[in-house]
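Me: Please work through the model shown below with me, one question at a time. I should like each reply to give its reasoning before the final value or name.

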Amino acid sequence: MGQNVHTLVFLYSGHHGKDGFKVGMNEYVSMQHINRKIQECTSVEKVIAFVDCCQPEIIKVKEEHRLIQFNATASTDTAESLRNEGSPFTKLLVQAFTMKASGGKCALPRCECRIDGPFITIDSLSHYIEIHRQSGLLHDMEPEKSLIKINWENECLAYNYSYKVEFRFDIVLPSPFTSNHPYKVLATTVNDYDVLIQKILFPRFAGRRRYTVY
């Protein structure tokens, strides 16, 4: 609230019922609480929301605010989550925004989908969701969107990165060795530095007794 944020992104993927959004074993946050907190953010001009749950509700913003909201399903329907795989709707959203940058592939076999252009817009994301819904990736869910005070001037959601986001590591061997061994790692694989060293970089250069990572 004190960060002078103009665009607020709200994402929820989980259980939702009469008590609100489930955020713990017996802990819930009501939609009224979410609405109130967002309305108290005086610097916010636009809210972008992705609500992935059963019976999703529309966020209530202040009259001067703009709203872009994508729901996994209709307000009277249930959302699906697959055991050990999570929500197909959230996975599709992650895929839409990060597949190019992460060098990943579509969850649908033999699908070569992509979002063209420098920006991901409301229309391009809506079309992307729809073609995957028709292909069965979302099972029986029928996603919906709600727009308030949105026109062509403010329909952009994000930059559409068309290149892989990678980190380059140079493995430099100590004297008397003079070789330099570069290795690139996708950003999506780097969550923990120790894991990066022990499970990604070290096995690749196993057999070399000492090395330094820059």
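Me: In which loop does Lys149 lie?
Reply: The model is a predicted one. Phi of Lys149 is near 55°, a positive value in a residue other than glycine. As for its place in the chain, Lys149 lies in the loop between S8 and S9.

Me: Which residue in the loop between H3 and strand S8 has a positive phi although it is not a glycine?
Reply: The loop in question joins H3 to strand S8, which spans 144-148. The residue has a phi of about 60°, and its relative accessibility of 37% counts as partly exposed. The residue is His139.

Me: How many helices and strands does the chain have?
Reply: The chain comprises 214 residues, of which buried residues make up 34%. Among contacts between residues at least 6 apart in sequence, 57% join residues at least 24 apart. The secondary structure consists of four helices and twelve strands.

Me: What area does the chain expose?
Reply: Carbon and sulfur atoms supply 50% of the exposed area. The total for the chain is about 13,800 Å².

Me: Is the aromatic pair of Phe50 and Phe70 stacked or edge-to-face?
Reply: A pair of aromatic rings is described by the distance of the centres and the angle of the planes. For Phe50 and Phe70 the centres are 5.9 Å apart and the planes stand at 15°. Planes under 30 degrees apart meet the criterion, so the pair of Phe50 and Phe70 is stacked.

Me: Which strands does the pair of Phe50 and Phe70 tie together?
Reply: Both Phe50 and Phe70 are buried. Their positions are 20 residues apart in sequence. Because Phe50 lies in residues 46-52 and Phe70 in residues 66-71, the strands tied together are S5 and S6.

Me: Which residue joins Tyr12 and Phe21 in one aromatic cluster?
Reply: The structure holds five aromatic pairs. One of them is the tilted pair of Tyr12 and Phe21, with 4.5 Å centre to centre and 55° between the planes. Tyr12 is buried at a relative accessible area of 10%, and Phe21 is buried at 3%. The cluster that holds Tyr12 and Phe21 also contains Phe10.

Me: Which helix gives the most to the largest nonpolar core?
Reply: The largest nonpolar core has 25 residues, and those with the most contacts inside it include Ile68, Phe70, Phe89 and Leu125. S5, S6, helix H2 (88-102) and helix H3 (122-134) each supply at least two residues of this core. With five residues, the element that gives the most is H2.

Me: How many residues does the second, separate core have?
Reply: Leu125, one of the residues with the most contacts inside the largest core, is in contact with Phe50, Phe70, Leu93, Ala96, Phe97, Ile120 and Leu157, leaving aside its neighbours within four places in sequence. The second core is separate and includes Tyr12, Cys41, Ala49 and Val51. Its size is 15 residues.

Me: Is Ile58 buried or partly exposed?
Reply: Ile58 is placed in the loop between S5 and S6. Leaving aside neighbours within four places in sequence, Ile58 is in contact with Met31, Leu67, Gln69, Asn71 and Ser146. Buried means under 20% relative accessible area; at 33%, Ile58 therefore counts as partly exposed.

Me: What accessible area do Phe119, Tyr159, Tyr161, Tyr163 and Val165 have together?
Reply: These five residues, Phe119, Tyr159, Tyr161, Tyr163 and Val165, form a nonpolar patch on the surface. Val165 is found in the loop between strand S9 (156-159) and strand S10 (166-172), and is partly exposed with a relative accessible area of 32%. The area of the patch is about 520 Å².

Me: What is the N to O distance in the salt bridge of Arg114 and Asp116?
Reply: The structure holds six salt bridges. Lys37 and Glu40 meet at 3.9 Å, and Lys18 and Asp19 at 3.6 Å. Arg114 and Asp116 are both exposed, and the N to O distance of their salt bridge is 2.7 Å.

Me: Which residue is linked with Glu130 and Glu142 in a network of salt bridges?
Reply: Side chains of opposite charge can pair when their charged atoms come close. The network holds Glu130 and Glu142, and the residue linked with them is Arg133.

How values were computed. Residues numbered from 1 in each chain as written. Predicted model: local features only at pLDDT ≥ 70, side-chain atom pairs only at ≥ 80, totals over all residues. Heavy atoms only, no water. Phe/Tyr/Trp six-rings, centres within 6.5 Å; stacked < 30°, edge-to-face > 60°. Buried < 20%, exposed > 50% of the residue type's maximum accessible area, 1.4 Å probe, protein only. Core = buried A, V, L, I, M, F, W, Y, C linked by side-chain atoms within 4.5 Å. Contact = heavy atoms within 4.5 Å. Patch = residues over 30% accessible without salt bridge, like charges linked within 9 Å, V, L, I, M, F, W, Y side chains within 5 Å. Areas by Shrake-Rupley, 256 points an atom, 1.4 Å probe, with all protein chains shown as cover. Salt bridge = Lys/Arg side-chain N within 4 Å of Asp/Glu carboxyl O.
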